[in-house]
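Please open the model in your viewer and keep the sequence panel beside it. The tour below goes from one selection to the next and says what is to be found at each stop.

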Amino acid sequence: MDQDLELLKRCLAGEGAAWEELLRAHTSKVYNLCYRFTGSAPQSEDLTQEVFIKIYQTLKSFDSSQGAFSTWLNRIARNHLVDHYRRTKRDRLTDSIEEKVEKIEQKPSGGRDPMAELESREVRELLQAALALLSPEMREAVILRDLQELDYQEIAQVLGVPEGTVKSRINRGRLELARIIKRMKGMKG
Amino acid sequence: MNHLEAVNQISEYLEKRLGPATRAEMESHLATCPECREMVEDVRQVMERCHMAEPLQPSPWLISRIIHATTGQRKPSWADRLRDSVRPLLQPRVAYGISMAVFSISFILHAANVNIRSLTLRDLNPGTWAYRANSKGHLLVARAEKYYYDLRVVYEIQNRLRELRNDQDEQRPRMQKKDSPGGAQGRSRQSSMELAAIPGFSRFSPNVGVSDVLSAESKRSLPR
């Protein structure tokens with residue numbers, strides 16, 4: 001985006017306000033990406049901060065001819081998340097589908113709120129739990145396509161794989177997600 | 001198109017990314033394959049679910065935190081932190097909870113007869129609270145009981161007076177014939193004796209001359 005490039009130039013010129021503006025434009029997207037991967041709000045905030053520190057340190061290396069700033073940002077965030085996933089793999093070995101369903105059921109329903117909010121929260125929690133059970137490759141493809149709403153070409157750039165691979169991962173990811181959600185629903189009710 | 005090819009193209013079919021020829025092949029396969037139809041429906045639901053999931057909002061101070069971590073500027077100020085911590089309190093359920101807590105506390109303080117403006121050390125003793133609340137409760141019950149008996153007495157008096165009036169109406173012709181001076185007085189004396197037999201009447205109105213009231217009433221209602 002032209003606006004991002006303009007902000008980037010001002011950032012490189014040392015203008016603090018431009019960096020703040022850039023953060024305001026992109027923090028929420030990066031945070032959501034992190035949250036979809038980890039399912040934890042505090043962890044996602046830490047990861048978002050780490051991603052932007054990396055961005056800040058490598059701002060000079062951004063090449064606009066290689067793609068949009070948002071694609072570059074997503075690529076850095078995705079690589080950071082993959083590193084994080086590898087680092088914390090051991091902690092997640094005990095997580096099973098039954099535990100995830102139990103966690104969803106144990107959460108208080110929040111009786112004060114309208115049905116729509118409750119439904120939306122249930123959708124979010126079920127989806128989050130199901131996403132966590134996908135393999136990282138399929139998960140990142142589905143998140144970038146269906147939750148971050150990137151197009152196939154952008155996803156291919158972010159993941160560094162051909163577009164055909166992206167299509168295949170998204171399709172397999174959705175099918176797997178559908179199977180997991182079906183199983184979870186079966187266990188709940 | 002065979003089953004495996006159809007399964008591999010479900011997403012593209014749902015996103016309308018297939019060419020017309022491939023789409024037609026896909027649709028003719030779906031018409032004959034219930035398993036694929038089910039998978040298409042499942043994937044469609046997953047996509048809907050993803051679109052329904054609202055984006056999450058990070059903490060408001062995250063940007064300040066990142067700025068501080070990158071350029072070393074602008075720590076989240078105390079005002080920012082205070083504003084962010086007060087914001088959840090403004091939600092309806094929290095406000096409702098707080099108002100209920102305030103109501104309960106004020107109710108307890110009132111029942112325990114504690115005056116916050118002139119608080120003494122004795123007022124802080126829960127034993128005193130319990131004693132006062134108990135006394136207040138007993139007083140309330142006694143008042144309610146008295147009110148109930150008062151009402152009952154008034155009701156009985158009204159009934160008796162009504163009966164007396166009826167009796168007098170019936171006996172009026174005879175009274176006119178006999179014109180006995182002690183007749184009405186005798187009847188009112190008898191009625192006051194009946195009223196004295198009402199339970200609780202003498203207890204709650206010991207100083208009131210019921211017979212006086214009744215005789216006055218009888219006199220008023222008697223023909224002159």
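## Confidence first

Colour chain B by confidence: in this predicted model, helix α10 of chain B (residues 201-204) has the lowest mean pLDDT of the elements there, 49, whereas helix α3 of chain B (residues 20-32) has the highest, 92. Next select residues 203-208 of chain B, where the pLDDT is below 50 and where the model has seven contacts beyond near neighbours in sequence. Where pLDDT is low, the predicted coordinates should not be read in detail. Over chain B as a whole the mean pLDDT is 78, with 75% of the residues at 70 or more.

Turn then to chain A, whose mean pLDDT is 80 and in which 81% of the residues reach 70 or more. Among its elements, helix α6 of chain A (residues 97-106) has the lowest mean, 46, and α3(A) has the highest, 91. If you select residues 100-113 of chain A, you have a stretch in which pLDDT stays under 50, and for which the model has 17 contacts beyond four places in sequence. For the complex, the predictor gives an ipTM of 0.72 and a pTM of 0.52.

## The two chains in outline

Switch to a cartoon view and select chain A, which has ten helices and zero strands. Of its 189 residues, 35% are buried, and among its contacts between residues at least 6 apart in sequence, 64% join residues at least 24 apart. Chain B, when you select it in turn, shows eleven helices and zero strands. Buried residues make up 10% of the 224 residues of chain B, and 51% of its contacts between residues at least 6 apart in sequence join residues at least 24 apart.

## Where the chains meet

Show both chains together and select the residues in contact across them, which number 32 from chain A and 31 from chain B. On the chain A side, the elements that give two or more residues are α2 (16-38), α3 (41-57), α7 (115-132), α8 (136-147) and α10 (163-188) of chain A. The most come from α2(A), with ten residues. Coloured by residue class, the side of chain A that touches chain B divides into 15 nonpolar, eight polar and nine charged residues.

## The nonpolar core

Stay with α2(A), since this helix also gives the largest share of the largest nonpolar core, nine residues. That core has 55 residues, and A:Cys34, A:Ala130 and A:Ile155 are those with the most contacts inside it. In soluble globular proteins, nonpolar side chains tend to be buried together. Centre the view on A:Cys34: leaving aside neighbours within four places in sequence, A:Cys34 is in contact with A:Ser44, A:Leu47, A:Thr48 and A:Leu81.

## A covered helix and the loop after it

Now select α8(A), which is mostly covered, with nine of its twelve residues buried. The buried residues of α8(A) include charged ones that are worth displaying as sticks, among them A:Arg139, A:Glu140, A:Arg145 and A:Asp146. Move on into the loop between α8 and α9 (152-159) of chain A, where A:Glu149 lies. Although A:Glu149 is not a glycine, this residue has a positive phi of about 55 degrees. Most residues other than glycine have a negative phi, and most peptide bonds are trans. A:Glu149 is exposed, with 11 other C-beta atoms within 10 Å.

## A helix with two faces

Return to chain B and select helix α4 (residues 34-52), whose 19 residues reach 27 Å from the first C-alpha to the last, close to the 27 Å expected at 1.5 Å a residue. Which residues of α4(B) are buried? They are B:Cys36, B:Val40, B:Val43, B:Val46 and B:Cys50. Look down the axis of α4(B), and these buried residues fall within an arc of 125 degrees, so they line one face of the helix. An α-helix has 3.6 residues a turn, so residues three or four places apart point the same way. The face of α4(B) turned away from the buried side carries the exposed residues B:Pro34, B:Glu38, B:Glu41, B:Glu48 and B:Met52.

## Last stop

Finish at B:Lys16, in the loop between α2 (10-14) and α3 of chain B. The phi of B:Lys16 is near 60 degrees, a positive value in a residue other than glycine. B:Lys16 is exposed, with 7 other C-beta atoms within 10 Å.

Note on methods. Residues are numbered from 1 along each chain as its sequence is written. Chains are lettered from A and ligands numbered from 1 in the order in which they are written. Two residues are in contact if their C-beta atoms, placed from the backbone, lie within 7 Å. Helices (H or I, at least four residues) and strands (E, at least two) are DSSP runs, numbered from the N terminus. The expected span of a helix is 1.5 Å times one less than its number of residues. A residue is buried if 20 or more other C-beta atoms lie within 10 Å of its own, exposed if 12 or fewer, and partly exposed in between; C-beta atoms are placed from the backbone. The arc is that of the directions from the helix axis to the C-beta atoms. A nonpolar core is a set of buried Ala, Val, Leu, Ile, Met, Phe, Trp, Tyr and Cys residues joined through C-beta atoms within 7 Å. pLDDT is the predictor's confidence in each residue, from 0 to 100.
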